[in-house]
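Grab a pencil and have the viewer open. Here are a few exercises, each with a worked solution.

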Amino acid sequence: MKILMVLTSHDRMGDTGHATGFWLEEFAAPYYVFKDAGAEITMASPKGGQPPVDPNSMADEALTDETRRFEADDEAKAQLAETLKLADVQVGDFDALFFPGGHGPLWDLTENTDAKRLIEGFLAVERPVATVCHSPTVLLQARTAEGQPLVKGRRVTGFANSEEDAVGLSAVVPHLLEDALKEQGADYQRSADDFAPFQLRDGLLITGQNPASSAPTAELLLKALAS
């Protein structure tokens, strides 16, 4: 199995002056789900090189067994520091596509033409695509072969409006993901409680709601590959 993980290169939270990037647990948990399953993992980002980590995801209350495993894994950290440029990766080189979340993708991946190319390309050749938390934003620009929004009529999830309210960033983000997905006709679903694990598979399209959904979303991607 060859899995491409695409991370953000964006490190600023709007005009607040605060740092952002990818959420560490949303990278580390899927990374080890894939690695422990024997997958060959490649990483890419719009700018290439070291993607920015949201500092809040390294706070004590955000750490998990997987993030601690990553912090002790020099090989994984070296690989993350040398992500490929997104423009240089090709659909045919991989079996599956995974986008970790964090707030960064809202700014630099929502309208990224290479992310769009990869998502549409993977699905066109029947290879699974998975996103988690804020990274379902990359699906907003994707279209079907008929030119319709990719998410229209499909069961998807992503960071909920109430969760964005809970972290105090509803007025900062460029768009509320739940609203944006619904506006494109998605059948948006979510957990009963904020920040509880919730993930969906609709054919080859897999989405997870929040950080707690990261590992289960990765496991759904492996199941899609196996089938």
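The exercises below go from the whole chain to the sheet and then to one loop residue.

This is a predicted model, where local features need pLDDT of at least 70, side-chain atom pairs count only at pLDDT 80 or more, and totals for chains, interfaces and linings use all residues. Residues are numbered from 1 along each chain as its sequence is written, and side-chain values use heavy atoms, with hydrogens and water left out.

**Exercise 1.** Compare the chain's radius of gyration with that of a compact globule.

Solution. Start with the rule: 2.2 Å times the number of residues to the power 0.38, with the radius taken over C-alpha atoms. For 227 residues that gives a value near 17 Å, and the chain has 16 Å, so the two agree. Next, look at the box: the C-alpha atoms fill roughly 45 × 40 × 30 Å along the principal axes. Finally, check burial (buried means under 20% relative accessible area, exposed over 50%, partly exposed in between, with a 1.4 Å probe and protein chains only). Buried residues make up 55% of the chain.

**Exercise 2.** Work out the strand order of the open seven-stranded sheet and find its edges.

Solution. First, the elements: helices (H or I, at least four residues) and strands (E, at least two) are DSSP runs numbered from the N terminus. The chain has eight helices and nine strands. Pairing calls for at least two DSSP bridges between two strands. Follow the pairs and you get the order 3-2-1-4-5-9-8, with mixed pairing. Strand 3 (84–85) and strand 8 each have a single partner strand, so they stand at the edges with one side lacking a neighbour in the sheet.

**Exercise 3.** Describe how strand 9 pairs on each side.

Solution. Take strand 8 (residues 199–202): four bridges join it to strand 9 (residues 205–208), antiparallel. Glutamine 199 has glycine 208 as its bridge partner. The two strands form a hairpin with two residues between them, and glycine 203 in the turn has a positive phi of about 65°. Now the faces of strand 8: Leu200 and Asp202 are on the covered one, Gln199 and Arg201 on the uncovered one. Then switch to strand 5 (residues 129–132), which pairs with strand 9 in the parallel sense, also over four bridges. Here alanine 130 stands opposite isoleucine 206.

**Exercise 4.** Is aspartate 15 buried or exposed?

Solution. Find the residue in the loop between strand 1 (2–6) and helix 1 (24–36). Its relative accessible area is 77%, so aspartate 15 is exposed. As a last step, go C-alpha to C-alpha from aspartate 15 to threonine 113: 24 Å in space, 98 residues in sequence.
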